[in-house]
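Here are my notes after going through the model with a cup of coffee. They are in no strict order, so dip in wherever you like.

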Amino acid sequence: MKMMTLKCLCLVLCLALFATDAYAYQQCRLFGGHLASIESEEENARVAAAINAVGDITKDWIIGGSDLGREGNYIWVGLNKKATYLNFNAGEPNNNGGSENCLAMGSAAGSKWNDIPCNYKGAGFVCAFIYL
Ligand SMILES: [Ca+2]
Ligand SMILES: [Ca+2]
């Protein structure tokens, strides 16, 4: 017999001063979640709504994508999965300075994404927790 499972995705915004990607990753893991992965327009809207609810989307919010392993090839670090849905702002990702390998939502891009340096200090980051 197949069991029905209820999956609940809970997004938590962490307002952290000087949050770098590595710090954000660690903090999300510490609490049993991971940096938010965004695999659809719907999920993107959910993350944007979460930021808008308690934060300021005109600032940078770190999400869990990276192309650190291979330039231009984004993976969601929490899922260890290739990012197929992409929602970059116009002109992004530009890998500015040859060293932008992490992702943020917000700032001038609104609910779209920008590639940022992994040591960039964002306004905060978005952790996702999945309860089964
Ligand atoms: Ca890059
Ligand atoms: Ca960029």
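1. Let me start with a puzzle: is Glu41 buried or exposed? Glu41 belongs to helix H2. Its count is 11 C-beta neighbours inside 10 Å, and a residue with 12 or fewer is classed as exposed, so Glu41 counts as exposed. Even so, Glu41 has a distant stretch of chain to look at: its C-alpha atom is separated by 9.0 Å from that of Leu86, 45 residues apart along the chain. Do keep in mind throughout that this is a predicted model.

2. Stepping back to the overall layout, I get two helices and eight strands. In sequence order the pattern reads β-α-β-α-β-β-β-β-β-β. The chain has 132 residues, and 36% of them count as buried. As for the contacts with a separation of 6 or more, 69% are between residues 24 or more positions apart.

3. Back to H2, since its geometry checks out. At 1.5 Å a residue, its 14 residues should span 20 Å, and the end C-alpha atoms are 21 Å apart, so the two values agree. The buried residues in H2 are Asn44, Val47, Ala48 and Ile51. These four sit on the same side of H2, because the arc they cover around the axis is only 95°. That fits the usual rule: an α-helix has 3.6 residues a turn, so residues three or four places apart point the same way. On the other side of H2 you will find exposed residues, namely Glu42, Ala45, Ala49, Ala53 and Val54.

4. Now the interior. The largest nonpolar core has 29 residues, and Leu35, Trp61, Ile62, Ile63 and Val126 have the most contacts inside it. At least two core residues come from each of helix H1 (21-30), H2 (41-54), E3, E6, strand E7 (113-116) and E8. Which of these gives the most to the core? That is E8, with five residues. Leu35 is worth clicking on: setting aside residues up to four places away in sequence, it touches Ala24, Tyr25, Cys28, Ile62, Ile63, Gly64, Val77, Gly78, Phe125, Val126 and Cys127.

5. E8 deserves a point of its own. The strand covers residues 122-131 and is mostly covered, with seven of its ten residues buried. It pairs with strand E2 (residues 34-35), antiparallel, through two bridges. Within E8, Ala128 stands opposite His34. E8 also pairs with strand E3 (residues 60-66), this time in the parallel sense, again over two bridges. Here Phe125 of E8 has Ile62 opposite.

6. Next, the hairpin of E6 and E7. The two strands pair in the antiparallel sense over four bridges, and Leu103 stands opposite Asp115 in E7. Which way do the E7 side chains go? Trp113 and Asp115 point one way and Asn114 and Ile116 the other, and all are buried. Six residues lie between the strands of this hairpin. Ser107, in the loop between E6 and E7, takes a positive phi near 60° although it is a residue other than glycine. Ser107 has 19 other C-beta atoms within 10 Å, so it comes out as partly exposed.

7. The loop between E5 and E6 is where I would look for backbone oddities. For background, most residues other than glycine have a negative phi, and most peptide bonds are trans. Pro93 lies in this loop, and the peptide bond joining Glu92 and Pro93 is cis, with omega about -5°. Asn95 is found in the loop between E5 and E6 too, with a positive phi of about 45° despite not being a glycine. Asn95 is partly exposed because it has 14 other C-beta atoms within 10 Å.

8. Last, Ala90, which is in the loop between strand E5 (81-82) and strand E6 (102-106). How many C-beta neighbours does Ala90 have inside 10 Å? The count is 6, so Ala90 is exposed. Across space, the C-alpha atoms of Ala90 and Lys112 are 8.8 Å apart, with their positions 22 residues apart in sequence numbering.

How values were computed
Residues numbered from 1 in each chain as written. Chains lettered and ligands numbered in written order. Predicted model: local features only at pLDDT ≥ 70, side-chain atom pairs only at ≥ 80, totals over all residues. Buried ≥ 20, exposed ≤ 12 C-beta atoms within 10 Å, placed from the backbone. Pairing = 2+ DSSP bridges. Core = buried A, V, L, I, M, F, W, Y, C linked by C-beta atoms within 7 Å. Contact = placed C-beta atoms within 7 Å. Expected span 1.5 Å × (residues − 1). Arc of directions from axis to C-beta.
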